[in-house]
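Please open the structure in a viewer and set the display to show side chains. The tour below moves through internal spaces and then the nonpolar interior.

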Amino acid sequence: MQTGNEVIKPIFPKNTWYVACTPDEIEGKPLGRVICGETLVLFKTTEGQVAALEDFCPHRGAPLSLGRVQDGLLVCGYHGMRVNPDGQCAGMVGQRVEQFKKGIRSFPAIERHGYVWIWPGESSLANPEEIPDLHWARSPDWAFGGGLFNIRCDYRLLIDNLMDLTHEAYVHASSIGQPEIEEVAPDTTRVENCATVSRFMNDIPPPPFWRDALKRNNIAHDIPCDRWQVCRFTPPGSVMIDVGVAHAGKGGLDAPENHRASGIVVDLITPETQTSCWYFWGMARNFNVKDSALTARIRDSQQQIFTEDLEMLESQQRRLLENSGRRLMKLNIDQGGVHARKILDELIAAETDA
């Protein structure tokens with residue numbers, strides 16, 4: 001029970017880049033979004049640059065996200081206060097606002113790799129070179145399709161989920177799950193700020209999702225395969241998972257294209273509050289990249305799979321809140337999530353010390 005004097009320990013670093021939205025979400029209109037507890041409004045200027053401000057009109061405190069974008073300025077939907085991309089008052093019909101110099105806080109924001117990235121911490125520390133290099137997003141040899149979920153759970157629970165794919169045998173039994181997943185022990189490593197969990201399953205039947213992928217690539221799909229899952233976490237919320245199957249004995253990860261189907265499961269996670277997060281998901285692939293119908297089919301399949309995760313994660317969060325004093329078991333399959341949390345704790349501690 002909180003007394004009112006307790007300091008809530010931060011659970012996410014702020015001096016780092018997070019995905020805030022996709023560019024289409026702010027095309028021609030402002031977007032209100034909470035990122036790491038900061039209530040923001042995002043929009044595009046006339047020149048196409050992205051901007052992020054406090055979602056707070058300095059006139060009467062109304063949400064600027066309920067307004068509109070006009071001539072590169074954000075116009076409050078309550079009384080028409082205009083605010084520029086730096087957060088300064090830029091005029092108001094019939095009023096003098098030049099003397100109000102303070103304005104509202106602005107946040108570094110950049111559009112890159114098909115996403116809008118936000119730096120919610122100290123602006124002077126923001127370095128665009130630290131934005132992750134999503135190689136598949138800038139290459140014509142790759143196709144990508146994805147979506148967005150707002151999940152009512154601690155973002156670290158989602159990272160735990162993605163770093164331990166044992167749950168696929170149960171939560172996703174009808175699509176990507178199979179008994180061999182839990183029968184093969186994962187290998188977990190940490191190198192600096194990257195945690196990796198690898199699982200290789202040899203000479204097994206491909207599950208429904210991958211059987212269909214092989215079939216649609218005109219590759220034999222009813223023979224034994226080698227399957228792999230390599231999950232890589234980098235802070236603050238990126239989990240990239242190399243996944244796929246190849247005909248058994250043909251080289252696994254290195255098998256030629258006519259014997260394999262593979263891709264990268266893209267997971268970009270942004271905290272909203274202490275108990276909710278934004279989940280930008282998708283799959284990048286380097287086969288049949290011009291087949292838009294295939295992209296849509298994979299995206300729809302992924303959405304169905306991740307919806308199953310959503311129900312489990314939100315239920316888990318509720319139970320954890322109801323049992324906040326209980327200790328949880330830690331098993332060898334949890335090591336990827338443990339490493340990820342240690343990396344995050346170290347970044348948060350460094351910020352606190354600074």
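What volume does the second largest cavity have? In this predicted model, the second largest cavity has a volume of about 70 Å³.

To view its surroundings, select Trp17, Tyr18, Val19, Trp117, Pro132, Pro235, Pro236, Gly237, Ser238, Leu268, Ile269 and Thr270, which line the second largest cavity. By class, this lining comprises 9 nonpolar and 3 polar residues, with no charged ones. Next, colour strand 1 (18–21) and strand 17, each of which supplies at least two of the lining residues; strand 17 contributes the most, with 3.

Proceed to the largest cavity, which holds about 230 Å³ of space. Centre the view on Glu168, Ile176, Val243, Val265 and Phe306, the residues nearest its centre among the 21 that line it. Then display helix 5 (292–322), one of the elements that give two or more residues to this lining; helix 5 has the largest share, 4 residues. The lining of the largest cavity divides into 12 nonpolar, 5 polar and 4 charged residues.

Now turn to the largest nonpolar core, a set of 75 residues in which Tyr115, Ile118, Ile151, Ile159, Phe233, Ile269 and Tyr279 touch the most other members. Highlight strand 18 (residues 276–285), which gives the most to this core, with 7 residues. Select Ile159 as well: leaving aside residues up to four places away in sequence, Ile159 touches Phe233, Pro236, Gly237, Val239, Ile269, Ala340 and Leu344. Finally, apart from the largest core lies another, of 15 residues, including Ala51, Ala62, Leu74 and Cys76.

Conventions. Residues numbered from 1 in each chain as written. Predicted model: local features only at pLDDT ≥ 70, side-chain atom pairs only at ≥ 80, totals over all residues. Heavy atoms only, no water. Core = buried A, V, L, I, M, F, W, Y, C linked by side-chain atoms within 4.5 Å. Buried < 20%, exposed > 50% of the residue type's maximum accessible area, 1.4 Å probe, protein only. Contact = heavy atoms within 4.5 Å. 1 Å grid on protein atoms, 1.4 Å probe; cavity = no way out; pocket = protein on both sides within 12 Å on 5 of 7 lines; lining within 4 Å. Points joined across faces, edges and corners; volume = space filled by probe spheres on them. Nonpolar A, V, L, I, M, F, W, Y, C, P; charged D, E, K, R; others polar.
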